[in-house]
Amino acid sequence: MFWDKKIETLKPDALHALQLKRLKKTLLQVQNVGFYRQRLSEAGITPSSIKNLDDIKKIPFTKKQDLRDGYPFGFFAVPLKKVVRIHTTSGTTGKPTVVGYTRNDLDAWSDLIARNMTMVGITTDDIFQNMVNYGMFTGGLGFHYGAEKIGMTVIPSATGNTKRQIEMINDFGVTVIHCTPSYAMHLSEIAEELGTPLESLKTGLFGAEPWSESTRKTLEKRLGVTAYDSYGLSELFGPGVAFECPERDGLHIWHDSYFVEIIDPKTGEQVANGERGELVVTPLVKEAMPLLRYRTGDVTMLLEDGCLCRRGKKIARITGRSDDMLVIRGINVFPSQIEHVLLKIPEVGNQFMVYIDKVNHLDEMTVEVEINREYFSGELADLANLQKKVVKELRDALELRTTVKLVEPGSLPRFEGKAKRVIDRREME
Ligand SMILES: [Zn+2]
């Protein structure tokens with residue numbers, strides 16, 4: 001093992017002491033970054049003003065825009081000659097964000113990936129095909145070096161030419177694949193079309209985009225793998241920040257390397273335990289580009305109950321972006337929560353629309369949802385019960401009364417690309 005195995009199951013006190021020590025070291029490291037020197041001096045914060053982990057709340061957040069403003073090397077805390085690699089994040093608009101790594105950073109990062117892969121039972125006996133982009137995207141080289149660290153056989157196939165990918169899986173006896181869930185779906189379809197079973201596959205590692213439990217079931221059936229969710233972002237090294245263990249019920253985040261907070265994206269306050277909000281991460285072991293309280297924009301929650309594997313608190317699967325949050329009568333609602341509730345009710349389909357109106361100065365939320373064709377009997381009494389059930393399930397999950405309208409199968413709009421399921425009519429009045 002290249003990493004200290006004991007670190008995965010530290011008792012809370014020992015873990016907190018380690019986190020505090022590393023947080024203080026990070027506060028010293030950021031003094032090499034002009035942005036942080038100014039930010040922290042404005043806030044009156046020195047490493048000695050952080051006496052316990054709760055004091056982290058005094059530190060201002062770092063936002064994606066701050067990193068963009070620092071383009072290209074404004075956030076580097078070491079001289080450029082110590083930076084041995086650069087990645088960039090795909091900037092949807094304007095300049096991308098540049099991320100730098102020292103040799104120690106690359107080691108720490110590949111250790112994290114190796115920890116994740118080991119956690120799900122991947123060993124030196126495995127044959128690993130890495131079907132993601134090997135360029136500036138961190139998923140390619142990140143997984144590549146993590147897998148090599150374990151010592152398995154790595155096939156850096158990258159993306160494209162699906163027929164050739166299938167050929168390699170079969171010819172080389174590949175046991176583990178890594179790709180996006182949408183590419184895995186495509187791969188399985190092409191394999192089916194070709195009538196080529198992928199019999200050697202055992203494990204699928206899927207990440208870089210949110211995916212659902214139903215996608216998991218489909219991929220597992222079609223590819224004959226056990227599928228694991230992987231989470232990360234380039235600003236925090238790349239993939240490897242959080243990963244499912246064999247329980248596959250939430251993702252372990254490595255608390256010795258990342259300090260995690262969940263905040264209300266509107267107020268910036270930490271939310272109560274078990275509440276959904278925006279994931280904020282302070283990496284604890286980064287050299288080239290240390291960050292303080294980085295707002296990921298991803299929505300999740302901390303799962304309070306420990307895991308059977310005893311690796312500590314997990315985060316729930318990422319269910320959306322904090323920018324999508326709605327405030328209804330003072331309660332924060334994420335469209336992904338609504339989707340989550342509806343997916344658990346088999347009598348309704350997964351097509352829905354949400355309308356928000358102001359009625360007598362009060363916010364009113366209406367959810368239109370299609371009845372599942374298989375359950376659509378045309379009996380009005382059945383529908384009344386189903387309608388009540390959906391209202392109750394939504395109220396339990398959101399703590400909010402909603403109006404539910406059941407509509408016929410196929411009657412709601414379909415979306416290509418990003419779905420626009422929420423129509424907020426409050427500002428239109
Ligand atoms: Zn676990």
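# Exercises on a predicted model

The axes of helix α7 (residues 181-194) and helix α8 (residues 213-223) come within 10 Å and cross at roughly 35°. The structure is a predicted model, and the exercises below refer to it.

## Exercise 1. The helix pair

Task: State the handedness of the crossing of α7 and α8, and identify the residues that meet there.

Solution.
- Step 1. The two helices form a left-handed crossing.
- Step 2. On the side of α7, the residues involved are Pro181, Ala184, Met185, Leu187, Ser188, Glu189 and Glu192.
- Step 3. Their counterparts in α8 are Thr215, Thr218, Leu219, Arg222 and Leu223.
- Step 4. Helix α8 also lies across β5, β6, β7 (226-233) and β8, and runs at about 130° to β7.

## Exercise 2. The nine-stranded sheet

Task: Determine the strand order of the open sheet of nine strands, and then locate its edges.

Solution.
- Step 1. The order is β4-β3-β5-β6-β7-β8-β9-β14-β13, with mixed pairing.
- Step 2. The edge strands are β4 (153-155) and β13, each of which pairs on one side only.
- Step 3. Strand β3 (residues 127-130) runs parallel to strand β5 (residues 176-179), and three bridges join them. In this pairing, asparagine 130 faces histidine 178 of β5.
- Step 4. Strand β5 is also parallel to β6, through four bridges; here cysteine 179 stands opposite phenylalanine 206 in β6.
- Step 5. Both faces of β5 are covered, since Val176 and His178 on one side are buried, as are Ile177 and Cys179 on the other.
- Step 6. Helix α4 (residues 103-119) lies across β3, β6 (203-207), β8 and β9, at about 25° to β8.

## Exercise 3. The zinc site

Task: Which atoms coordinate the zinc ion, and why is their arrangement tetrahedral?

Solution.
- Step 1. The donors are Cys245 (SG), His252 (NE2), Cys307 (SG) and Cys309 (SG), at 2.1 to 2.3 Å.
- Step 2. The angles subtended by the four donor atoms are 94 to 123°. Four donors count as tetrahedral if all angles lie between 85 and 135 degrees, and the arrangement is therefore tetrahedral.
- Step 3. For reference, the ideal angle for four tetrahedral donors is 109.5 degrees.
- Step 4. Along the chain, the donors follow the spacing C-x6-H-x54-C-x1-C.
- Step 5. Cysteine 245, in the loop between β8 (238-244) and β9 (251-253), and cysteine 309, in the loop between β13 (302-303) and β14 (314-315), are 64 residues apart, and the pair links distant parts of the chain.
- Step 6. Cysteine 245 counts as buried because its relative accessibility is 0%, whereas cysteine 309, with a relative accessible area of 23%, is partly exposed.

## Exercise 4. The four-stranded sheet

Task: Give the strand order of the open sheet of four strands, and explain why one side of each edge strand lacks a neighbour.

Solution.
- Step 1. The order is β19-β18-β17-β20, and the pairing is mixed.
- Step 2. The edges are β19 (403-407) and β20 (422-424); each has a single partner strand, so one side of each is left without a neighbour in the sheet.
- Step 3. Ignoring direction, neighbouring strands of this sheet are turned by 15° against each other on average.
- Step 4. Strand β18 (residues 362-371) and β19 run parallel, joined by five bridges. Threonine 366 stands opposite threonine 403 in β19.
- Step 5. Helix α9 (residues 335-343) packs on the sheet and touches β17 (348-359), β18 and β20; the direction of α9 makes about 135° with that of β17.

## Exercise 5. Strand β10 and its partner

Task: Why is strand β10 (residues 258-263) described as largely enclosed by the rest of the structure?

Solution.
- Step 1. Tyr258, Val260 and Ile262 point one way from β10, while Phe259, Glu261 and Ile263 point the other way.
- Step 2. All of these residues are buried. Because six of the six residues of β10 are buried, the strand is largely enclosed.
- Step 3. Strand β10 pairs with strand β11 (residues 277-283) in the antiparallel sense over six bridges, and glutamate 261 stands opposite valine 280 in β11.

## Exercise 6. Glutamate 42

Task: Is glutamate 42 buried or exposed?

Solution.
- Step 1. Glutamate 42 belongs to helix α2 (residues 34-42).
- Step 2. Exposed means over 50% relative accessible area. Glutamate 42 has 57% relative accessibility and therefore counts as exposed.
- Step 3. The C-alpha atoms of glutamate 42 and proline 60 are separated by 9.9 Å, the two residues being 18 residues apart along the chain.

Note on methods. Residues numbered from 1 in each chain as written. Predicted model: local features only at pLDDT ≥ 70, side-chain atom pairs only at ≥ 80, totals over all residues. Heavy atoms only, no water. Donors = N, O, S within 2.8 Å, 3.2 Å for Na, K, Ca; no water. Tetrahedral: all angles 85-135°; square planar, octahedral: opposite > 155°, others 65-115°. Buried < 20%, exposed > 50% of the residue type's maximum accessible area, 1.4 Å probe, protein only. Pairing = 2+ DSSP bridges. Axes fitted to C-alpha atoms, helices over the stretch in contact; angles between N-to-C directions. Contact = heavy atoms within 4.5 Å. Left-handed = near helix turned anticlockwise from the far one by under 90°.
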